[in-house]
Amino acid sequence: STFFHPNPTKDLLQLPVEVASTIVVNAMGEQVLLSNANELHLGALPSGIYQVLATMKDGKTVFQKVVKE
């Protein structure tokens, strides 16, 4: 199931719950974004596939691939 939406996205990626932190990693394994907001703006990033790891306020984590168009 898709936790982050829309996926694929051109810019705005929304998370349906409050997060403690979200890390976005590119295909090279480099961290390209760190946020604690429920919306991520990916517009400045090159097109490609990114790994998004969100840590919830209760400590649970969600991991998903996201396509940036």
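Guide: Two residues are in contact here when heavy atoms lie within 4.5 Å. Welcome to a predicted model, where local features need pLDDT of at least 70, side-chain atom pairs count only at pLDDT 80 or more, and totals for chains, interfaces and linings use all residues. Residues are numbered from 1 along each chain as its sequence is written, and side-chain values use heavy atoms, with hydrogens and water left out.

Visitor: Let's start with the sheet. In what order do its 4 strands stand?

Guide: Strands are DSSP runs of E with at least two residues, helices are runs of H or I with at least four, and both are numbered from the N terminus. Two strands pair if DSSP finds at least two bridges between them. The sheet is open and its pairing is antiparallel, with the order β3-β2-β5-β6.

Visitor: Which strands stand at the edges of that sheet?

Guide: An edge strand has a single partner, so one side of it is left without a neighbour in the sheet. From one strand to the next, the twist averages 20 degrees, using axes fitted as lines to C-alpha atoms (for helices over the stretch in contact) and angles from 0 to 180 degrees between N-to-C directions. The strands at the edges are β3 and β6.

Visitor: How many bridges join β2 to β5?

Guide: Strand β2 covers residues 19–25 and also pairs with β3, residues 31–35, over 4 antiparallel bridges. Threonine 22 has serine 35 of β3 as its bridge partner, while valine 24 stands opposite valine 52 in β5. β2 and β5 run antiparallel too, and the number of bridges joining them is 6.

Visitor: Which residue in the hairpin of β2 and β3 takes a positive phi?

Guide: This hairpin has 5 residues between its strands. The positive phi is near 85 degrees, and the residue that takes it is glycine 29.

Visitor: Is asparagine 26 buried or exposed?

Guide: Asparagine 26 lies in the loop between β2 and β3. Its side chain reaches the backbone nitrogen of methionine 28 at 2.9 Å, and a polar contact of 2.9 Å joins it to the side chain of glutamate 30. A polar contact is a pair of N or O atoms within 3.5 Å; within protein, one must be able to donate a hydrogen and the other to accept it, and residues adjacent in sequence count only if both atoms are side-chain atoms. With a relative accessible area of 16%, where under 20% is buried, over 50% exposed and in between partly exposed (1.4 Å probe, protein chains only), asparagine 26 is buried.

Visitor: And lysine 57: is this residue buried or exposed?

Guide: Lysine 57 sits in the loop between β5 (48–56) and β6 (61–68). Leaving aside residues up to four places away in sequence, lysine 57 touches Glu18, Val19 and Ala20. A polar contact of 3.3 Å links its side chain to that of glutamate 18. Because its relative accessibility is 58%, lysine 57 counts as exposed.

Visitor: How far apart in space are lysine 57 and valine 19, C-alpha to C-alpha?

Guide: Along the sequence, 38 residues separate lysine 57 from valine 19. In space, their C-alpha to C-alpha distance is 5.6 Å.

Visitor: One last stop: what is omega for the peptide bond from histidine 5 to proline 6?

Guide: Proline 6 lies in the segment before β1 (12–14). Asparagine 7 and proline 8 are joined by a cis peptide bond with omega about 10 degrees. The bond from histidine 5 to proline 6 is cis as well, and its omega is near -10 degrees.
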